[in-house]
Amino acid sequence: MPASLMTIGEGVLVVFQAAARGAPGVVEDDQRIRVRPVRGIAERGVFGIPGDHRLEYCEVLECATLPSSLRAIGEYSFSGCSKLGRVTFATPSGLAVNDADTFSRCAALSTVAIPSMVKAIHTHAFAMCTRLVSVYMATDGALAWIGIRAFSECAALRTVAFPPSLASIGPRAFYACRRLCDVTFAEPSSLAAISEYAFEECDALEAVTLPASHRSYATNAFGPRVAVSGLSSSFRVDFPNAIILE
């Protein structure tokens, strides 16, 4: 095992940070961190990574293997882990909560597959992952909404295919993803709303076809050069900067 390897077993988190805290290959007792039970979840034996910045800016962490017992990842859990290039979720995965800034600023992360039980990708969850090229969202999953700046400034991201379950895309969710050129919505789709600046400054994006289920999108959701099709022939302005389809 490399000195930077992190594995999460059934409730125990072990972080190997020998390169940062001591001689290579040495694992000290204080580098073993026990994962606490997730509060507010009734099922006994469920575990989570606490959102206390515990691994934030860990500069030696290269990969993370997350077990099927994991139900929640707290905010800032892996934020700023600049060498974290691979995150693997067990199959099937029980992960349901992916909190704010969980993987933000992970500059080496290139691909990510969202577990099917995750219902929301929270604020800044993957923001500024500058080498993130692809995001896989399960077509049979539970993902319902993508939060504020969830994938903003992912400069290498090229394609995104949204699942049928997705209902809402938050403000600046994909802001300044300058190489994003292909955005696809499933049909049939649950999509109801796209918020302001969701795809603003996506310089490579030229055209988007909205699904038939769509009911509203902020007029500034896309850049001025993006051709948006799939709109209903009748619509009404319901609130500033938004169009409500009927």
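**Salt bridges, aromatic rings and a strand pair in a predicted model**

R149 and E153 are joined by a salt bridge in which the closest N and O atoms are 3.7 Å apart. This structure is a predicted model, and the values that follow are computed from its atoms. Both members of this first pair are partly exposed: R149 has a relative accessible area of 21%, and E153 has one of 33%. With 20% as the upper limit for a buried residue, the value of 21% places R149 in the partly exposed class.

The search of the whole structure that yields this pair finds four salt bridges. As a general matter, side chains of opposite charge can pair when their charged atoms come close. Another of these contacts is made by R105 and D101, whose side chains meet at 3.7 Å, N to O. The two residues of this bridge fall into separate classes of accessibility: R105 has 32% relative accessibility and therefore counts as partly exposed, whereas D101, at 6%, counts as buried.

A further salt bridge brings together the side chains of R178 and D203, with an N to O distance of 3.1 Å. This pair links distant parts of the chain, 25 residues apart. R178 belongs to the loop between β14 (168-169) and β15 (182-185), and D203 to the loop between β16 (193-194) and β17 (207-209). Both are partly exposed, R178 with a relative accessible area of 39% and D203 with a relative accessibility of 42%. Salt bridges that share partners extend the arrangement, joining R178, E201 and D203 into one network.

The cysteines can be considered next. A disulfide is a covalent bond between the sulfur atoms of two cysteines. In this model the count of disulfides is zero. For C202, the nearest cysteine sulfur is that of C177, at 5.2 Å. Because a disulfide requires sulfur atoms within 2.5 Å, C202 takes part in none. C202 is buried, with a relative accessible area of 5%, while C181 is partly exposed at 42%.

The aromatic residues provide another view of the structure, which holds 10 aromatic pairs. One of them is formed by F162 and F199 in an edge-to-face arrangement, with 6.4 Å from centre to centre and 75 degrees between the planes. These two residues lie 37 residues apart and link distant parts of the chain: F162 is in strand β13 (residues 159-162), and F199 is in the loop between β16 and β17. Both F162 and F199 are buried.

F199 also pairs with F174. The ring centres of F174 and F199 are 5.2 Å apart and their planes stand at 0 degrees, so this pair is stacked. Here too distant parts of the chain are linked, since F174 lies in the loop between β14 and β15 and F199 in the loop between β16 and β17, 25 residues away. F174 is buried, as is F199. These residues belong to one aromatic cluster, whose members are F78, F103, F126, F151, F162, F174, F185, F199, Y217 and F222. Elsewhere among the aromatic rings, R172 lies over the face of Y175, at 5.5 Å from the ring centre.

The loop between β16 and β17 also holds A198. This residue has 0% relative accessibility and therefore counts as buried. Beyond its neighbours within four places in sequence, A198 is in contact with I169, G170, R172, A173, F174, Y175 and A221. The list thus includes F174, the stacking partner of F199, as well as R172 and Y175, the charge and ring described above. A198 also leads back to the opening pair: its C-alpha atom is separated by 8.0 Å from that of R149, although the two residues are 49 residues apart along the chain.

Regular secondary structure completes the account. In strand β9 (residues 111-114) the side chains alternate between two faces. V112 and I114 point to one face and are buried, whereas T111 and A113 point to the other and are not. Strand β9 pairs with strand β11 (residues 134-137) in the parallel sense, over four bridges. Within this pairing, the bridge partner of I114 in β11 is M137.

Conventions
Residues are numbered from 1 along each chain as its sequence is written. This is a predicted model: local features need pLDDT of at least 70, side-chain atom pairs count only at pLDDT 80 or more; totals for chains, interfaces and linings use all residues. Side-chain values use heavy atoms; hydrogens and water are left out. Buried means under 20% relative accessible area, exposed over 50%, partly exposed in between (1.4 Å probe, protein chains only). Two strands pair if DSSP finds at least two bridges between them. Rings of Phe, Tyr and Trp (its six-membered ring) pair if their centres lie within 6.5 Å; planes under 30 degrees apart count as stacked, over 60 as edge-to-face and the rest as tilted. A charge sits over a ring if NZ of Lys or CZ of Arg is within 6 Å of the ring centre and within 35 degrees of the ring normal. Contact means heavy atoms within 4.5 Å.
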